[in-house]
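Reader: I've got the sequence and the model open side by side. Could you take a close look at one part for me, the contacts made by the charged and aromatic side chains, and tell me what they hold on to?

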Amino acid sequence: METNSLMSVVIDPKLDPRVNCYRDDLAASYLEGKVEGRRFVSGRQAQVVQCGAPLLRRPDADSPQDSQLLTGETVQVYDEADGYAWLQSEDDGYVGYTLSSALSDSVTRPTDCLCVPRSFVYPEPDIKTPPIATLNMSARVTIIDQYQRFSLLSTGGWLYSDHLMPVDAHEPDFVTTALRFLDMPYLWGGKGNLGIDCSGLVQVSLVRSGRACPRDTYMQAKTVGMEIPGEDGKFSMRRGDLIYWPGHVAIVLDQDTVVHASGHHMLVTIEPWRNVDERVRIETGGRGIDVLRRLPQSNG
């Protein structure tokens, strides 16, 4: 099965545990010879069947949510115990725990993906029936039939067909995609089900434009696009640039405004850059933003 894997990109000699599957007692077989004193196991492929399945730091309900898994995403499972699976995403290489019930060992090849921030799955091809599930942007599904304006999923239920596009199709402009999330609540680790965080907004938007993107800001700030030099936190910015400071990222709309999933406002919001810059300088002791990165021109 084809995947948009970043695992070969984000694994580095420092063996970042966020993107390298090892813990005190166990490690993925691909790390044999790189870490010691652990039992090495091969993974098995599974597919996510729960919308926005939490990817947790620990196998318990009180654990922080570091990310979310999207419906149709494939993972490698390395251990299961007490209702939790320890796994690594085949999309962005992220490692964590999710409920075993969010996964299926039956892996199907997706035909389409969701191209809107959120849509409902109906039990019948009728918008008046109560929805049985929701899906969020970039969720992947397998369509097996069509009826009027609806598409039947291989897992059951009907989606509005205009909310889908072929799985290999992409949006031409990731900034426009990001703007579709305006006013969505900020959610730590969120990727657009009930909420989204700053790096999730960037990742989901870039993936929809056909660009691979790691999950966290510290990963993105080293790998996405090329770094543009600045001095004393001052940069010449243009639309689509990504600006990073400790623990946060924003997308430049123009020289004066940015859009970001803001923990300060607890929303995806458009904000004057001067306001953000003043707040960042207070938070960083006057240092300002660390990195500005620029992507190549759109693929579309």
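Author: Here is a walk through the salt bridges, then a helix beside one of them, then the rings.

First, some ground rules: this is a predicted model, where local features need pLDDT of at least 70 and side-chain atom pairs count only at pLDDT 80 or more, while totals for chains, interfaces and linings use all residues. Residues are numbered from 1 along each chain as its sequence is written, and side-chain values use heavy atoms, with hydrogens and water left out.

Let's start with charge. Side chains of opposite charge can pair when their charged atoms come close. Searching the whole structure turns up 15 salt bridges (a side-chain nitrogen of Lys or Arg within 4 Å of a carboxyl oxygen of Asp or Glu). One of them joins Asp105 to Arg44, at 2.9 Å from N to O. Asp105 sits in the loop between strand 9 (103-104) and strand 10 (112-114), and Arg44 belongs to strand 3 (residues 44-48), so this bridge ties together parts that are 61 residues apart in sequence. Strands here are DSSP runs of E with at least two residues, helices are runs of H or I with at least four, and both are numbered from the N terminus. As for burial, the cut-offs on relative accessible area are under 20% for buried, over 50% for exposed and partly exposed in between (1.4 Å probe, protein chains only). By that scale Asp105 is exposed at 53%, and Arg44 is partly exposed at 33%.

Now look at Asp91 and Arg140, whose side chains form a salt bridge at 2.4 Å, N to O. Asp91 comes from the loop between strand 7 (84-89) and strand 8 (95-99), and Arg140 from strand 13 (residues 140-141), so the pair ties together parts that are 49 residues apart in sequence. Asp91 is buried at 18%, and Arg140 is buried at 17%.

Then there's Arg215 with Asp197, bridged at 3.2 Å from N to O. Arg215 is in the loop between helix 3 and helix 4 (217-223), and Asp197 is in the loop between helix 2 (174-179) and helix 3, so parts 18 residues apart in sequence get tied together. Arg215 is buried, with a relative accessible area of 0%, and Asp197 is buried too, at 6%.

What about helix 3 itself? Of its 11 residues (198-208), 10 are buried, so the helix is largely enclosed by the rest of the structure. Among the buried ones are Cys198, Leu201, Gln203 and Arg208. After helix 3 comes Gly210, with a positive phi near 90°.

Back to charge for a moment: Arg23, Asp25 and Asp79 are linked in a salt-bridge network. Arg23 also has its charged end over the ring of Trp86, 4.5 Å from the ring centre (the test is NZ of Lys or CZ of Arg within 6 Å of the centre and within 35 degrees of the ring normal).

That takes us to the rings. The whole structure has six aromatic pairs, counted when rings of Phe, Tyr and Trp (its six-membered ring) have centres within 6.5 Å; planes under 30 degrees apart are stacked, over 60 edge-to-face and the rest tilted. Tyr78 and Trp86 have ring centres 6.3 Å apart and planes at 65°, so they pair edge-to-face. Tyr78 and Trp86 are both buried. Finally, ring pairs link Phe120, Tyr122, Phe150 and Tyr160 into a cluster. Phe120 is partly exposed at 39%, whereas Tyr122 is buried at 11%.
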